[in-house]
Amino acid sequence: MTYQPFFEFTDQRKGRWVVSCDHAANTVPAFVNGSDLGIAASDMNRHIAYDIGACGLAQALGAQLDSPVICSNFSRLVIDPNRGANDPTLLMKLYDGTIIPANRNADAADLERRMQACYHPYHAALGALMQRHERPVLLSIHSFTPQLRGRPKRPWEIGVLYAHDTRLAAPLMQLLAQEGDLTVGNNEPYAGHLPGDAVDRHALASGHLNVLIELRNDLIETEAQQLFWAKRLAPLLEKALAQTNL
């Protein structure tokens, strides 16, 4: 069976949104050390390998927004599609206390093989989806762990990430704050801009509306939780988009 580095869920949907999930899977293709990064199965099921619950949430949001969805099909430890091609964390060798043996001694040929088989096809497909609409809106879905090893517990249920373009992020954060029961991270738990990251590449560079949402992963572990959050977030996203008048 031919390896497929991404999955699309489109179904002739007509919405403006393009829902992406850069860290959707913990898949390690066979060409990468025989599908083995050299870490324990328990680590492959942690947040270091993929964004837990994000794939299901992205698909549910796409259905709610009548918009296409694209999900990666390779672990972020194989290669991280949410990093620029020259980013030193493109191929992680240590993440949240875990050394990645298959990456530790990876050479330029290993990196190029992963770029050609995973990174470039994913970005080409995401770029093609963005070109389907004259005024696309990129919605990037991620999840975060409640607590990194040796660090304090994170206080947020949801984070809204952005770079210099706040046209969509600002009204969305205001609407989320008005919900009354959420601690909303403003560019937390991560900074919203890395040069060459997926949002930079597919939205900022072309002036398209965009926002990146981070959900705490214990809130979206199950299909029922993912559907709950999709139904909760979709109307707020549509309202925020309407407020941009764009």
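Biologist: Which residues touch the most other members of the largest nonpolar core?
Modeller: Heads-up, this is a predicted model: local features need pLDDT of at least 70, side-chain atom pairs count only at pLDDT 80 or more, and totals for chains, interfaces and linings use all residues. Residues are numbered from 1 along each chain as its sequence is written, and side-chain values use heavy atoms, leaving out hydrogens and water. A nonpolar core is a set of buried Ala, Val, Leu, Ile, Met, Phe, Trp, Tyr and Cys residues joined through side-chain atoms within 4.5 Å, where buried means under 20% relative accessible area with a 1.4 Å probe, protein chains only. Here the core has 39 residues, and the ones you want are Trp17, Leu61, Leu139, Ile141, Leu172 and Leu237.

Biologist: Which element gives the most to this core?
Modeller: Elements are DSSP runs numbered from the N terminus: helices are H or I with at least four residues, strands are E with at least two. Those giving two or more residues are β2, α2, β3, β6, β7, α5, β9 and α7. With 8 residues, the top giver is α7.

Biologist: Which residue of α7, if we zoom in on Leu139, does it touch?
Modeller: Contact means heavy atoms within 4.5 Å. Not counting residues up to four places away in sequence, Leu139 touches residues including Trp17, Val18, Leu61 and Val211, as well as Leu237.

Biologist: How many residues are in the other core?
Modeller: That core lies apart from the one we've been discussing. Val28, Met44, Tyr122 and Leu212 are among its members, and its count is 36 residues.

Biologist: Why do β1 and β8 each have one side without a neighbour in the sheet?
Modeller: Two strands pair if DSSP finds at least two bridges between them. The open sheet has 7 strands with mixed pairing, in the order β1-β3-β2-β6-β9-β7-β8. β1 and β8 stand at the edges, so each has a single partner strand.

Biologist: What angle does helix α2 make with β6?
Modeller: Angles run from 0 to 180 degrees between N-to-C directions, using lines fitted to C-alpha atoms, for helices over the stretch in contact. Helix α2 (residues 54-65) packs on the sheet, touching β1, β2, β3, β6 and β9. Its direction makes with that of β6 an angle of about 150°.

Biologist: Are the faces of strand β3 covered or open, and which residues cover them?
Modeller: In a regular strand, side chains alternate between the two faces of the sheet. Both faces of β3 are covered, with buried residues on each: Val69 and Cys71 on one side, and on the other Ile70 and Ser72.

Biologist: Which residue is the bridge partner of Glu8 in β3?
Modeller: Strand β1 (residues 6-9) pairs with β3 in the antiparallel sense over 4 bridges. Glu8's partner there is Ile70.

Note on methods
Buried < 20%, exposed > 50% of the residue type's maximum accessible area, 1.4 Å probe, protein only.
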